[in-house]
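Work through the exercises below with the sequence and the model side by side. Try each task before reading its solution.

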Amino acid sequence: MPLRLANISVDCVDAAALAGFYAELLEQPADPGANENFASIGRETMTPTLMFLRVPDKNPGKNVVHLDLVATDRRDQIERAITLGAKHIADYDEYGISWSTLADPEGNLFDIAQG
């Protein structure tokens with residue numbers, strides 16, 4: 001199955017506040033349960049979903065907006081991305097989601113999650 005765009009994630013200082021800004025801007029409600037650590041817009045109504053994630057340091061070496069891709073064959077897609085020139089950075093299992101972070105050939109980060 002090909003990759004599909006699931007989320008656009010934004011690293012931030014206050015997830016609820018930034019989601020509130022984009023909710024107003026897009027004239028879409030923020031999803032229920034927004035807090036300073038995690039918030040989203042459009043989980044049930046739009047694709048891709050916008051996700052806002054609090055991070056301890058928005059360091060200049062890390063892009064603060066990145067693509068979240070999803071695939072049923074996640075490991076195969078990770079290997080395919082590496083073959084195309086990506087670099088595997090790390091694997092994660094948080095918030096009920098398993099994903100891997102990779103860097104594209106120019107160093108921009110993106111994630112591939114199990115879907």
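The exercises cover the sheet, a helix, two single residues, the backbone and a pocket.

This is a predicted model, in which local features need pLDDT of at least 70 and side-chain atom pairs count only at pLDDT 80 or more, while totals for chains, interfaces and linings use all residues. Residues are numbered from 1 along each chain as its sequence is written, and side-chain values use heavy atoms, with hydrogens and water left out.

**Exercise 1. The sheet**

Task: Find the order of the strands in the sheet, and name the edge strands.

Solution.

Step 1. Fix the terms. Helices (H or I, at least four residues) and strands (E, at least two) are DSSP runs, numbered from the N terminus. Two strands pair if DSSP finds at least two bridges between them.

Step 2. Read the order. The open sheet is formed by 7 strands in the order S2-S3-S1-S4-S7-S6-S5, with mixed pairing.

Step 3. Look for strands that pair on one side only. These are the edge strands, S2 (38-41) and S5.

Step 4. Add the twist. On average, neighbouring strands of this sheet are turned by 25° against each other, direction ignored. For such angles, axes are lines fitted to C-alpha atoms, for helices over the stretch in contact, and angles run from 0 to 180 degrees between N-to-C directions.

**Exercise 2. Pairs of strands**

Task: For S2 with S3, S5 with S6, S4 with S7 and S6 with S7, state the sense of pairing and the number of bridges.

Solution.

Step 1. S2 and S3 run antiparallel and are joined by 4 bridges. Ser-40 has Met-51 in S3 as its bridge partner.

Step 2. S5 and S6 also run antiparallel, joined by 7 bridges. Here Asp-93 has Ser-98 in S6 as its bridge partner.

Step 3. S4 and S7 pair in the parallel sense over 5 bridges. The partner of Leu-69 in S7 is Ile-112.

Step 4. S6 and S7 pair in the antiparallel sense over 5 bridges. The partner of Trp-99 in S7 is Ala-113.

**Exercise 3. A helix residue**

Task: Decide whether Ile-78 is buried or exposed, and list what Ile-78 touches.

Solution.

Step 1. Locate the residue. Ile-78 is in helix H2. Helix H2 (residues 74-83) lies across S4, S5, S6 and S7 and runs at about 5° to S6.

Step 2. Apply the cut-offs: buried means under 20% relative accessible area, exposed over 50%, partly exposed in between (1.4 Å probe, protein chains only). Ile-78 has 2% relative accessibility, so Ile-78 counts as buried.

Step 3. List the contacts (heavy atoms within 4.5 Å). Not counting residues up to four places away in sequence, Ile-78 touches His-88, Ser-100, Leu-102 and Ile-112.

Step 4. Compare sequence and space. Ile-78 and Ile-112 are 34 residues apart along the chain, and their C-alpha atoms are separated by 7.1 Å.

**Exercise 4. A strand residue**

Task: Place Ile-8 in the fold and state its exposure.

Solution.

Step 1. Ile-8 is found in strand S1.

Step 2. The relative accessible area of Ile-8 is 26%, so Ile-8 is partly exposed.

Step 3. Leaving aside neighbours within four places in sequence, Ile-8 is in contact with Pro-48, Thr-49, Leu-50, Met-51, Val-65 and His-66.

**Exercise 5. The backbone**

Task: Find a cis peptide bond and residues with positive phi.

Solution.

Step 1. Recall the usual case: most residues other than glycine have a negative phi, and most peptide bonds are trans.

Step 2. A cis peptide bond, with omega about 0°, joins Thr-47 and Pro-48. Pro-48 is in the loop between S2 and S3.

Step 3. Glu-27 is not glycine, yet has a positive phi near 55°. Glu-27 is in the loop between helix H1 (15-26) and S2. At 71% relative accessibility, Glu-27 counts as exposed.

Step 4. Check the hairpins. Tyr-95 takes a positive phi near 55° in the hairpin of S5 and S6, which has 2 residues between the strands. Gly-107 takes a positive phi near 95° in the hairpin of S6 and S7, which has 5 residues between the strands.

**Exercise 6. The largest pocket**

Task: Describe the volume and lining of the largest pocket.

Solution.

Step 1. Fix the term. On a 1 Å grid over the protein atoms alone, with a 1.4 Å probe, a pocket is an open set of points with protein on both sides within 12 Å along at least five of seven lines; lining residues have an atom within 4 Å of a point. A volume is the space filled by probe spheres set on the points, which are joined across faces, edges and corners.

Step 2. The largest pocket has a volume of about 760 Å³. Of its 33 lining residues, the closest to the centre are Leu-53, His-66, Asp-68, Trp-99 and Asp-111.

Step 3. S1 gives the most to the lining, with 5 residues.

Step 4. By class, the lining has 15 nonpolar, 8 polar and 10 charged residues. Ala, Val, Leu, Ile, Met, Phe, Trp, Tyr, Cys and Pro count as nonpolar, Asp, Glu, Lys and Arg as charged, and the others, Gly among them, as polar.
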